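Visitor: Could you take me through one part of this protein slowly, as if I were seeing a structure like this for the first time? I would love a close look at a place where two helices meet.

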Amino acid sequence: MVYGIDLGTTNSLIGIGDTLFTGLVSSNVDTKQRRQVPRDVIGSDVVASYKTDMSMGKEGELSVECSAIVLKELARLAGKRSGEEVRDVVISVPAYFSTSQREAVYTAAGKAGLNVKCLINEPTAAAIFLCRDMKDLIVVYDLGGGTFDVTIVDSRMGNYAVIATDGIVLGGDDLDRHLVNIVVTECKIPIRYRGRTSMSRLKLIMQKAKEEVQKPWRDIYIDLSDFHAAHDFILTEEIYRQAVYDVFHETFVRTQYLISRNIPISDVQKPSMVLVGGSSNCPYLKEMIQKELNVNIIEGNVTPDFTVAYGVSLYADMINKGTAFELVEDVTKRLCIEDCSGKTTTIIESNTTVPCSNKIVVDNSTKSDRLQLRLYQGDSVLAKNNTYIGTLEFEYGEEVEAGEGVVEVTVDVSVDGIISLSAFEMLYGEEFKQEIKLTMR
């Protein structure tokens, strides 16, 4: 039996079909005791929001280890409820996740003793749940604790076809940090009281304060005596509204761009939008979205915190029934390589339906015994503005003159966004296949 897991920045859940086996399970981890802990537990060994650093390699080791601990706990809780051992899973990930980040999720699951059948993008999972009974062209605005995705999904023909997607590392944690910075600056908290544990405590205080200030006509008084501040702080509706706008304005810009590029005015006059992810609970955010984007916000029948979880659980059920890959069509980001001037050449266009494959013929620009190509994901003409995937290194076996080492590179993208590579050297009309090396440099 395949189970669906929503591995979130702040909270995680697990289920199958219409059933969730847990409530919101904190994604925080005590690294010393190697266990999952509630959100209100603070300390020097407690790690949170590590999902935004998810990747393969040394820099992502902590994220992988913490994710494995949370995944193992989810499997334990679900097994206790379902009465069977949880082994096979499908896991939701942010749509913007690169190949390295997706492979890191596979690695974390393996460490937790789980077998990942596939990954699914979070907004796509949300659309599966929301469009089950509502066949429409919708924009999914997914703002979580540390990640943001926006995706356009068309379910009018009965399946779930992703038209376009975009996303960045941005979420509720950024708003919390912004509020903490406002308090630290305005109330002049001394440097000696800005240590990790103290700031974790203040962040928790501001998290609770922001939830309270969203209630009508309620300013929140914050006692800062423990931080030896110059004075205490009052979080007003005006201060909070401005903070929300300043932090999340980038999401409005990206959403508007995606809509204007992919939904013709003649097709839909006022796009339908659904808000998912815990951070989209903010009522001020809804007002701003309607004002900035001129969309029709559709209210779901569950809170935004649970939408992705229900969607990935339904997707798991589709996998169990063998209908998942027929009903759900997702897309990939643009894949490109860097040339000698720092610009990019496209291999696979943005928003191409996966699985997909394409070939490109390249050669060596200088006399060399090898060809090195840097692979990126992203829409920028300049390579440095995109997400670096890795370096493709092809060895000719001998030194060849510039322009003579012609190589055909094939790029394949799987249904869950994993990139694989192969290459052929095209010399004297013959093809020599060689295993290509992908290194993170």
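**Where α3 meets α8**

Guide: Happy to! In this predicted model, the α3 side of the meeting place is made by Glu122, Ala125, Ala126, Ile128, Phe129 and Leu130, and they touch Thr307, Val308, Tyr310, Gly311, Val312, Leu314, Tyr315 and Met318 of α8. Sorted by class, this contact has eleven nonpolar, two polar and one charged residues. Now look at how the helices lie: α3 covers residues 122-130 and α8 covers residues 304-321, and their axes are 7 Å apart at an angle of about 80°. Angles of 65 to 115 degrees count as roughly perpendicular, so that word fits α3 and α8.

Next, stay with Glu122 of α3, one of the residues that meet α8. Side chains of opposite charge can pair when their charged atoms come close. Glu122 forms a salt bridge with Lys51, with 2.6 Å between the closest N and O atoms. Lys51 sits in the loop between β7 and α1, 71 residues away from Glu122, so this pair links distant parts of the chain. Buried means under 20% relative accessible area, so Lys51, at 6%, counts as buried, and Glu122, at 5%, is buried too.

Finally, follow α8 to Lys321, whose side chain meets that of Asp317 in a salt bridge with an N to O distance of 3.1 Å. Lys321 and Asp317 are four residues apart in α8, which means about one helical turn separates them. Lys321 counts as exposed because its relative accessibility is 61%. These two pairs are among the 21 salt bridges found in the whole structure.

Technical notes. Residues numbered from 1 in each chain as written. Predicted model: local features only at pLDDT ≥ 70, side-chain atom pairs only at ≥ 80, totals over all residues. Heavy atoms only, no water. Axes fitted to C-alpha atoms, helices over the stretch in contact; angles between N-to-C directions. Helix = DSSP H or I, 4+ residues; strand = E, 2+ residues; numbered from the N terminus. Parallel < 35°, antiparallel > 145°, perpendicular 65-115°, else oblique. Contact = heavy atoms within 4.5 Å. Nonpolar A, V, L, I, M, F, W, Y, C, P; charged D, E, K, R; others polar. Salt bridge = Lys/Arg side-chain N within 4 Å of Asp/Glu carboxyl O. Buried < 20%, exposed > 50% of the residue type's maximum accessible area, 1.4 Å probe, protein only.
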